[in-house]
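The exercises below are meant to be worked with the sequence and the coordinates side by side. Try each task before reading its solution.

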Amino acid sequence: MQATHFGAGNIGRGFIGEILAKNGFSIDFVDINETIINALNERNEYTIQLADESQKEIHVSNVDGLNNQTNPEAVIDSVSKADMVTTAIGPNILPFIAELIAKGIQKRRNEGNKEPLDVVACENMIGGSQFLLEKVQAFLSDEDKEYVDTYIGFPNAAVDRIVPIQHHEDPLFVSVEPFSEWVIDATQSKNKELRLEDVEYVEDLEPYIERKLFSVNTGHATVAYSGAYEGYKTIDEAIADQRVLEKLRAVLGETGSLLIDKWQFDQEKHSAYIDKIVSRFENKYISDSISRVARTPIRKLGFDERFIRPIRELKERGLAYTNLVDVVVMILNYDDPNDEQSVELQGYLKKKSVAEVIQQVTDLQDDELIAEIAAKYQK
């Protein structure tokens, strides 16, 4: 089988590429990074190392590289022949590959290919594949759209693996944490015969997306902001402080109560899931800077983001959210002169009341909740 994968970066090679290769795929990696693309074409293989005590190495072969900037026709041809198309390029880049995917689908239709194909966006976003479909449709004729409706699936996915920022002499070598989770919405899939090993297919993806967002993303940011508040520079240093660890567990206890109440996750299994997350953050083989995890604080305070959304929903259900508010206050206090949004946020706080700033950056309309956050900030 052959896969076309957009994004030959560390996540593409170290996560999606590993699973595709394990399932017997040869992989065309699509990217504009000449160094990586040339190395893939020279060697047709690379090595992944697990960031743990084992330092186990995983060999990935039958790979090559396509430069979508200099050789778009080869990319279109690859999509037209693919058994699966995946992405790991970042949500903001998805619109820029839409035309190539559309042309690959058109070529597929013109050649009379009626084999079902799934295009899966493995991005850190909700609804990534359906977002990509919207962008692809802008380049399709009515006949093409009918073909897509029948043969091409864009199933949403939830993905989770920590791939730290790293620099190696070998441009293809990549270090990843042992844990990984890839969940695909089976209801949006067209190729029902293809089910990847180490991928979970579910009828309802939303609970898994929220579990990841409110546990991994909320938890990672909690360690970053509470660690910054205590003066630490890296995640592993921060979580070694009992105060940071206790705050993390308290926050995950609150978001866990929401997930259990809302989606009926099993209490015992969710507690084990929280323990797994904490152990992942404690992994001494992964050193991540607080400035990277804590970057873009205004975005992280968004209405539907990892702190404000669970706070809103916990309040609606009459459940506790005190520790989440504590972290929101730490975000408001976060001051990194090298982070554009941090500078912007601190500028707002100098010019306006804290209540006005909270309303502006969170879009909250709940005056009681805004006052609650503001009061804690002013303490």
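**Exercise 1. An aromatic pair**

Task: In this predicted model, decide whether Tyr-208 is buried or exposed, and then describe how its ring is placed against that of Phe-265.

Solution. Begin with Tyr-208, whose relative accessible area is 19%; buried means under 20%, and Tyr-208 is therefore buried. Phe-265, with a relative accessibility of 16%, counts as buried too. Next take the geometry, for which a pair of aromatic rings is described by the distance of the centres and the angle of the planes. The ring centres of Tyr-208 and Phe-265 are 6.3 Å apart and their planes stand at 85 degrees, so the pair is edge-to-face. Finally, place the two residues: Tyr-208 belongs to helix 7 (residues 206-229), while Phe-265 sits in the loop between helix 9 (242-263) and helix 10 (267-281), so the pair ties together parts that are 57 residues apart in sequence.

**Exercise 2. Another pair among the aromatic rings**

Task: State how many aromatic pairs the model has, and work out which parts of the chain are tied together by Phe-15 and Trp-182.

Solution. The count comes to five aromatic pairs. One of them joins Phe-15 and Trp-182, with 6.4 Å from centre to centre and 75 degrees between the planes, an edge-to-face arrangement. Because Phe-15 lies in helix 1 (residues 10-22) and Trp-182 in strand 11 (residues 181-185), this pair ties together parts that are 167 residues apart in sequence. Both Phe-15 and Trp-182 are buried.

**Exercise 3. The two sides of a helix**

Task: Find which residues of helix 6 are buried, and explain why they can be assigned to one side of helix 6.

Solution. Within helix 6 (residues 142-151), the buried residues are Asp-144, Tyr-147 and Val-148. They cover an arc of only 100 degrees around the axis, which puts them on the same side of helix 6. The face turned away from this buried side carries Asp-142, Glu-146 and Asp-149, which are exposed. To see what the buried residues of helix 6 pack against, look at helix 4 (94-110), helix 5 (128-137) and strand 8 (152-153).

**Exercise 4. Ser-78 and Asp-64**

Task: Compare the settings of Ser-78 and Asp-64, asking which elements hold them and which residues they contact outside their own sequence neighbourhood.

Solution. Ser-78 is part of helix 3 (residues 72-81), and its relative accessibility of 4% means that it counts as buried. Setting aside neighbours within four places in sequence, Ser-78 contacts Gln-2, Thr-4, Asp-28 and Leu-66. Asp-64 belongs to strand 5 (residues 63-67) and is partly exposed, with a relative accessible area of 26%. With neighbours within four places again left out, the contacts of Asp-64 are Ile-27, Asp-28, Phe-29, Leu-40, Asn-41 and Asn-44. Asp-28 is thus found among the contacts of Ser-78 and among those of Asp-64. As a measure of distance across the chain, Asp-64 and Tyr-348 are 48 Å apart from C-alpha to C-alpha, with their positions 284 residues apart in sequence.

**Exercise 5. Positive phi angles in loops**

Task: Locate Asp-198 and Thr-296, and note what sets their backbone angle phi apart.

Solution. Asp-198 lies in the loop between strand 11 and strand 12 (200-202), and its phi is near 75 degrees, a positive value in a residue other than glycine. Asp-198 is partly exposed, its relative accessible area being 45%. Thr-296 is placed in the loop between helix 11 (290-293) and helix 12 (297-300); its phi, near 55 degrees, is likewise positive in a residue other than glycine. At 22% relative accessibility, Thr-296 counts as partly exposed.

**Exercise 6. Annotated spans and the whole chain**

Task: Describe the two spans that UniProt annotates as domains, and then check the overall dimensions of the chain.

Solution. An unreviewed UniProt entry gives residues 1-197 as "domain: Mannitol dehydrogenase N-terminal"; this span is 36% helix and 25% strand, and its end C-alpha atoms lie 14 Å apart. The record lists residues 204-378 as "domain: Mannitol dehydrogenase C-terminal", a span with 73% helix and 0% strand whose end C-alpha atoms lie 42 Å apart. The chain has 17 helices and twelve strands. For 379 residues, a compact globule would have a radius of gyration near 21 Å, and the 22 Å of the chain agrees with this.

Note on methods. Residues numbered from 1 in each chain as written. Predicted model: local features only at pLDDT ≥ 70, side-chain atom pairs only at ≥ 80, totals over all residues. Heavy atoms only, no water. Buried < 20%, exposed > 50% of the residue type's maximum accessible area, 1.4 Å probe, protein only. Helix = DSSP H or I, 4+ residues; strand = E, 2+ residues; numbered from the N terminus. Arc of directions from axis to C-beta. Contact = heavy atoms within 4.5 Å. UniProt positions renumbered as here; feature names shortened; annotations may be inferred. Rg over C-alpha atoms; globule rule 2.2 N^0.38 Å. Phe/Tyr/Trp six-rings, centres within 6.5 Å; stacked < 30°, edge-to-face > 60°.
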